[in-house]
Amino acid sequence: MPVPHKTGTVKSKQGSSQIPPNTVKPLPAKLAKPAGKKKDDDDGTEMGDGTEEWMQGKTLIKPPDQLELTEAELKEEFTRILTANNPHAPQNIVRYSFKERAYKPISSVDQLAVHFLLDGNMLHKDSDEARRQRAKQGVQEEITTIESATAEAEEEKAETPAGGEEIGESEEGGSGERADSAEITNKKEQKLTNQFNFSDRASQTLNNPLRERGSQTEPPPRANFLATASQWDIYDAYVEELQKQEKNKEKQKAAPTKKEEEKNKKKLMVTETQSDDISKVGKVAKIIERMVNQNTFDDIAQDFKYFEDASDEFREQEGTLLPLWKFQYDKAKRLAVTALCWNQTYKDFFAVGHGSYDFTKQGRGMLLFYTLKNSTFPEYIFPTHSGVMCLDIHQGCPYLVAVGFYDGCVAVYNLKEEGEQPTYRSTAKTGKHTDPVWQVKWQKDDMDNNHNFFSVSSDGRVVSWTLVKNELVYTDIIKLSGEGAVMDGPEGLQLQTMACGTSFDFHKQIDYLFLVGTEEGKIHKCSKAYSSQFLETYDAHNMAVDAVRWNHFHPKVFISCSSDWTVKIWDHTINTPMFTFDLNSAVGDVAWSPYSSTVFAAVTTDGKVHVFDLSINKYEAICEQPVVAKKKTKLTHIEFNPVHPIIIVGDDRGYVTSLKLSPNLRKKPKEKKGQEAPKGPEVEIAKMEKLLSLLREPDNSGKN
């Protein structure tokens, strides 16, 4: 039975077309049925668009350009290792170096290669822009479906005859086919999958294991204390405190007091109520500071303890000096190092005196004590009103330090006592020098077991100072007189001028014997028993004698140095020097080594350290090395450590540098096969005596 159709007009966006009323137009398939739905012929249920695809079995569609491979070739695996290096990256890029004025190749090459770069254009589906795009795309799809439906209707009209039944049959039969064809054409072509065998592999990286560490310390002891204090309790506490202070004042008055000048300078005694917690914290802080500094300068500590210069094996005789720690104090930078002295009990402890050798720039001074365990800050600091010119540490009592000042005073500092003032100090009433004190030396205790030391000054006096109770008692040992120098006095009297003493040293074995160097360049051999005359006078130098020192081993040998560029070695039984060395610059100080009778070192104003070993080379130094950075820096003093193979050197800028001697500078006698190496002071005496005998023989033969 034919299905009646309503006639009408079909209107589109592009235009409207009139269909005649006597013609019959079948509806398109997509307009006849709802979109996305299809009637199942068997059970009449509606199913979605992808149902047919899901129901049908998937078949592999081979692309036309696919290679024909066998099963073995398909199963063959190809392993490719990807690296981060770009094989196409250039390796020969150069850039011009303005520092070296040449083209230098660049070591770092950019290995990044961009294979694909895509800027994303995704939008959130609920955003306004996404809604506008969806609305626009939906309208365009409706327009295309209407146009395709009108085109198909016109084609059907042209092909079918005028019979109504045929039209109805053709409409019923062709409507399903057209719907299927429309769905197939509108569907997008599916992307063909890769037909080759491939495998997905995953790898898992090793994650670092997480560890939790906790430490538990013992909590500090706590105590709860509750008390109620009334006005009477507070009053009683004040009364007890006042009574304790009065008792302390009575103790101070009862104790033997010093002079009124020193009373005001000394601090009040610490009351019993004050605890020593601060001192305990200070001790711990000092230990921690040393630990931190030893960790900071660990490389220097390792060199000090273990390093031996292996290059000495390839040198015949010469040696080197290895710089170790450098000691400085900010407040003493502009002051020259005027004195150095090692502590004989604590081998890592030494004292430094700061002052000035320029008489136009005299002012304050400073006495510092350093240890090798802490090079960044002094252990003790004593500022002085006058420049320190010399010092000496007592051998038996390492806490007593004798100091000589530019203003002529001598003082004794006790490191055990608190405060910055010396324990003993000479004044004009107690016989202080009138000129700078150039050297002080501790001597053996007197008959009453009182400590005593000697001093020499430019005023020509050699004075013995004895520590008796709370004051210094002085005794003039000798007055240096200038031989042949006569000055006219009042009423025609002729007065003998005084010689200016600059240095002195006491014999190591003979207590009464000592040497004094003068500003005129002469050296006097004196005795404590004879104060009126000299035992011997040596015409040593053309300028002031800066230092004179007895040998540690040989009892007859001493050494002297001067600003006339020379260092001379003497036998005190002979008036002429045994050795003379010209160092081409003013010599500031000279010192014998404590381990060999033939090794000594000297410092010059051109910043060099000269080390000699007479048993190796009698004519030249086996080490001549500059140890300061600036050329204008002058070296002033040098000292050998009594145990360790190091020396300390001071300069006129306030710095003290420690240096380690290489093996060639401290050679010991070689061992003979089957015999032990000779040891002891007798060997050192024999070594020096052998050198002296070579020089004495011509003189003796000439006399005969």
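Here are some notes on the predicted model above, from overall confidence down to three loop residues.

1. Ground rules. Residues are numbered from 1 along each chain as its sequence is written, and side-chain values use heavy atoms, leaving out hydrogens and water. Since this is a predicted model, local features need pLDDT of at least 70 and side-chain atom pairs count only at pLDDT 80 or more, while totals for chains, interfaces and linings use all residues.

2. Confidence. The chain has a mean pLDDT of 76 (pLDDT is the predictor's confidence in each residue, from 0 to 100), and 74% of its residues reach 70 or more. Watch residues 161-175, where pLDDT is below 50; beyond near neighbours in sequence, that stretch has 11 contacts in the model (a contact means heavy atoms within 4.5 Å). Residues 699-704 are also below 50, with 0 contacts beyond near neighbours in sequence. Where pLDDT is low, the predicted coordinates should not be read in detail.

3. Overall make-up. I see 10 helices and 36 strands in the chain; these are DSSP runs, numbered from the N terminus, with helices (H or I) of at least four residues and strands (E) of at least two. Of the 704 residues, 34% are buried (buried is under 20% relative accessible area, exposed is over 50%, partly exposed is in between, with a 1.4 Å probe and protein chains only). Among contacts between residues at least 6 apart in sequence, 48% join residues at least 24 apart.

4. Ser662. This residue sits in the loop between strand S36 (656-661) and helix H10 (681-703). Why does Ser662 count as buried? Because its relative accessibility is 4%, and the cut-off for buried is under 20%. Its side chain reaches the backbone nitrogen of Thr320 at 2.8 Å. Not counting residues up to four places away in sequence, Ser662 touches Asp309, Asp312, Gly319 and Thr320.

5. Lys373. Look for it in the loop between strand S10 (365-371) and strand S11 (380-384). Lys373 is partly exposed, at 38% relative accessible area. Its C-alpha is 6.1 Å from that of Arg290, although the two are 83 residues apart along the chain. Arg290 is also among the residues Lys373 touches, along with Asn293, Gln294 and Asp348, setting aside residues up to four places away in sequence.

6. Tyr512. The loop here runs between strand S22 (501-506) and strand S23 (513-518). Tyr512 is partly exposed, with a relative accessible area of 46%. Leaving aside neighbours within four places in sequence, Tyr512 contacts Cys526, Ser527 and Lys528. The C-alpha atoms of Tyr512 and Ala529 are separated by 7.0 Å, with their positions 17 residues apart along the chain.

Definitions and conventions. A polar contact is a pair of N or O atoms within 3.5 Å; within protein, one must be able to donate a hydrogen and the other to accept it, and residues adjacent in sequence count only if both atoms are side-chain atoms.
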